[in-house]
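Q: I should like to learn how features of a protein model are read. Could we work through a case together?

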Amino acid sequence: MIFKPPVEPQSLKILRCLKPRIILSKTNNRYLRSLKKGYQGEKKFAALLNTLGDNCIVLHDLLLEYNHSIFQIDSLLITEGVVYLFEVKNYEGDFYFDSGHWFKENGKEIKDPMIQLKRSESMLRQLFTSMKINYQIKSYIIFVHPEFTLLQAPRNIPIILPTQLKRFFQRLHENTDIIKKSHEHLAKKLLDMHIEEHPYTKLPHYNYEQLKKGIICNSCHSVMLKVVKKNVVCNQCGQHESTSSAVLRNIQEFQLLFPEHQITTHIIHEWCGKLLSKKIIRKVLTENFTCIPKGRSTYYIHSPNTIR
């Protein structure tokens, strides 16, 4: 039973929107690639957890706070008497373990994933103690990429390699039992404590003026520059999209990047690179948003039928 599905990180959404509109630094490009790969791995592991059916409760992407410290849990599995905490890694290639340290095949040392796992487990245990909740916690690092290899791995560290996933899930199937009200109660408590946005993000500074304007192709992410009847067409890959869909997508992007700005015909017309007429922009806004008439300062807010 999925109580909380995996959610695409806000930082990933913003960086993906920024990339075609501004030159990202090498650091931010690496961060974007890392976020993409991490999210792909979490979705893959979430699909595996879905196979367990309704005899357990799954919560993904929990951000919790205890004693003024914030900690993140990729996936949490609640079963009878045992809560499984999973740290998901989508590493690819050959790695090796030596004298308590982790290295890539080229000898470059990487951050020890055990540190984060141990911290999350410790924080969760302290949180449970404060809530008078008595569950055994078992934590694992899950490696989901089929081409990941860890050489010289000691047998006593809690990791599940790609070749072990099938057997691991067979054991989980055998150990899951009927969900009780106490399990649901715990899940709801954790959901209530979940923090929606991480207070510390690594996003670059940007403002409206410095970003490239225009409609970005939904396929190849280049700027669309051609209108054919009721479609916008990408000059690079030939992708077709209806004007209304493209405008709505651009509005969502604008709101993500500038949540404090009001939605007006003028600003969306400019944001779309003036590729489409103000008449078309106004029609899309009227059909999908609620108009707040203020003369020349008229703006739009979300209505129940707005596509998000």
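**Reading charge and burial**

A: Let us begin with a single residue: arginine 30 lies in helix H2. Please bear in mind that the model is predicted.

Q: Where does arginine 30 stand on the scale of relative accessibility?

A: Arginine 30 has a relative accessibility of 47%, so it counts as partly exposed; that class lies between the cut-offs of 20% and 50%.

Q: Which residues form the positive surface patch?

A: The positive patch on the surface consists of Lys19, Lys26, Arg30, Arg33, Lys36, Lys104 and Lys108. Helix H2, which spans residues 26-50, is the largest contributor, with 4 residues.

Q: How should one read a salt bridge, and how many salt bridges are counted?

A: The general idea is that side chains of opposite charge can pair when their charged atoms come close. In this structure the count is 8 salt bridges. One of them joins the side chains of arginine 16 and glutamate 8, with an N to O distance of 2.3 Å. Arginine 16 has a relative accessible area of 32% and is therefore partly exposed.

Q: Are lysine 89 and glutamate 87 buried or exposed?

A: Both names belong to one salt bridge, in which the side chains of lysine 89 and glutamate 87 meet at 3.2 Å, N to O. The cut-off needed here is that buried means under 20% relative accessible area. Lysine 89 has 14% relative accessibility and so counts as buried. Glutamate 87, at 3%, is likewise classed as buried.

A further pair is arginine 249 and glutamate 241, whose side chains form a salt bridge of 2.6 Å from N to O. Arginine 249 and glutamate 241 are both buried.

Q: What should one look for in a nonpolar core, and which residues touch the most other members of the largest one?

A: As a general tendency, nonpolar side chains in soluble globular proteins are buried together. Here the largest nonpolar core has 38 residues, and those touching the most other members are Leu18, Leu211, Leu257, Phe258 and Ile268. At least two residues of this core come from each of helix H1 (10-18), H2, helix H6 (243-257), helix H7 (265-271) and helix H8 (278-288). H6 gives the most to the core, with 7 residues.

Q: What is the overall frame, in helices and strands?

A: The protein chain contains 8 helices and 17 strands. Its C-alpha atoms fill a box of roughly 65 × 50 × 35 Å along the principal axes. Of the 308 residues in the protein chain, 44% are buried.

Definitions and conventions. Residues numbered from 1 in each chain as written. Predicted model: local features only at pLDDT ≥ 70, side-chain atom pairs only at ≥ 80, totals over all residues. Heavy atoms only, no water. Patch = residues over 30% accessible without salt bridge, like charges linked within 9 Å, V, L, I, M, F, W, Y side chains within 5 Å. Areas by Shrake-Rupley, 256 points an atom, 1.4 Å probe, with all protein chains shown as cover. Salt bridge = Lys/Arg side-chain N within 4 Å of Asp/Glu carboxyl O. Lys, Arg positive; Asp, Glu negative; His and termini not counted. Charge placed at Lys NZ, Arg CZ, Asp CG, Glu CD. Buried < 20%, exposed > 50% of the residue type's maximum accessible area, 1.4 Å probe, protein only. Core = buried A, V, L, I, M, F, W, Y, C linked by side-chain atoms within 4.5 Å.
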